[in-house]
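Here's a walk through how the strands and helices of this model fit together. Have the structure open as you read.

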Amino acid sequence: MPLEPSPSAWDMAAVARAVADGEADGDLVAVGADLEPGTLLAAYRTGLFPMPAGPTGSRRSRRSPPAWYSPVDRGVLPLDGLVVSRSLRRSARDLEVRVDTAFTDVVRACADPSRDGSWISTEISDAYVWLHELGWAHSVETWRDGELVGGLYGVAIGGLFAGESMFHRATDASKVALMGLVDVLRADGDERRLLDVQWRTDHLATLGVVEVGRSDYLERLSVALTAPLPERWR
């Protein structure tokens with residue numbers, strides 16, 4: 001079971017209440033606080049997640065406090081709605097799926113600054129490695145011939161899995177990792193579980209990701225948090 005860290009020094013619930021009361025018009029709802037484990041968990045439990053406040057790797061991002069987001073339209077993947085094409089099924093036959101065997105390597109691959117749209121700073125990476133060491137953050141990886149070729153990572157709290165990022169070095173490798181994640185979340189048939197992917201993109205939409213409004217997401221989150229962790233992570 002994961003270890004509960006010291007409580008956050010910051011009142012993340014106050015930010016979440018302001019968001020729920022309609023005091024935030026856009027996706028960015030706050031800037032400040034820190035990336036301590038207690039702060040991150042408090043944020044996820046209230047529907048928030050962090051990103052760097054400045055360009056990744058810049059002096060500004062290293063100096064600046066994190067920015068906190070609660071998207072007006074949230075991307076979620078219904079666990080019975082994953083779209084698996086024939087070509088994806090073929091790819092899955094050639095890849096091995098593992099869980100939590102190379103978390104740090106997955107985060108580093110996702111944070112590779114040469115990737116288009118790279119946003120994960122060193123501070124973000126270190127924060128999630130710390131969460132993993134406490135048992136809250138997890139990776140699902142795809143391997144071929146002993147080589148890591150794709151994967152994803154995120155945070156599991158009760159029935160919530162908050163996906164953070166994914167990468168691939170082989171065709172469909174990240175999608176196969178997503179298939180593996182859905183298998184983990186569906187294993188016990190608990191319908192309270194929620195797979196949050198932050199934002200719907202055209203790419204994620206092809207896999208079945210849909211948008212739900214902020215208030216709808218927060219209602220689903222409150223239900224998901226009443227569920228136990230998936231058996232794989234208990």
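## Pairing, and a first pair of strands

Two strands count as paired here if DSSP finds at least two bridges between them. Keep in mind that the model is a predicted one. With that in hand, look at Leu 160, which sits opposite Leu 194 of strand 9. Strand 8 (residues 160–168) and strand 9 (residues 194–198) run in the parallel sense, and their pairing covers 3 bridges.

## The seven-stranded sheet

Now zoom out. Strands 8 and 9 belong to an open sheet of 7 strands, ordered 5-6-7-8-9-4-10, and the pairing in it is mixed. Which strands stand at the edges? Those are strand 5 (96–99) and strand 10 (210–213); each has a single partner strand, so one side of each has no neighbour in the sheet. On average, neighbouring strands of this sheet are turned by 35 degrees against each other, ignoring direction.

## Helices on that sheet

Helix 2 (residues 37–45) lies across strand 7 (147–157) and strand 8, at about 75 degrees to strand 7. Helix 9 (residues 214–224) packs on the sheet too, touching strand 4 (73–76), strand 8, strand 9 and strand 10. The direction of helix 9 makes about 95 degrees with that of strand 10.

## Where helix 2 meets helix 6

Helix 2 has a helical partner as well: its axis and that of helix 6 (residues 122–134) come within 10 Å, crossing at roughly 85 degrees. Angles of 65 to 115 degrees count as roughly perpendicular, so helix 2 is roughly perpendicular to helix 6.

Which residues make the contact? From helix 2 come Pro 37, Leu 40, Leu 41 and Tyr 44, while helix 6 brings Ala 127, Tyr 128, Trp 130, Leu 131 and Leu 134. Sort the residues of this contact by type and you get 9 nonpolar, no polar and no charged.

## The three-stranded sheet

There's also an open sheet of 3 strands, in the order 1-3-2, and here the pairing is antiparallel. Strand 1 (28–31) and strand 2 (49–51) are at its edges, each with a single partner strand, so one side of each goes without a neighbour in the sheet. Neighbouring strands of this sheet are turned by 35 degrees against each other on average, direction ignored.

For a closer look, take strand 2 and strand 3 (residues 67–69), which pair in the antiparallel sense over 3 bridges. Met 51 has Ala 67 of strand 3 as its bridge partner.

Note on methods. Residues are numbered from 1 along each chain as its sequence is written. This is a predicted model: local features need pLDDT of at least 70, side-chain atom pairs count only at pLDDT 80 or more; totals for chains, interfaces and linings use all residues. Side-chain values use heavy atoms; hydrogens and water are left out. Helices (H or I, at least four residues) and strands (E, at least two) are DSSP runs, numbered from the N terminus. Axes are lines fitted to C-alpha atoms, for helices over the stretch in contact, and angles run from 0 to 180 degrees between N-to-C directions. Contact means heavy atoms within 4.5 Å. Angles under 35 degrees count as roughly parallel, over 145 as roughly antiparallel, 65 to 115 as roughly perpendicular and the rest as oblique. Ala, Val, Leu, Ile, Met, Phe, Trp, Tyr, Cys and Pro count as nonpolar, Asp, Glu, Lys and Arg as charged, and the others, Gly among them, as polar.
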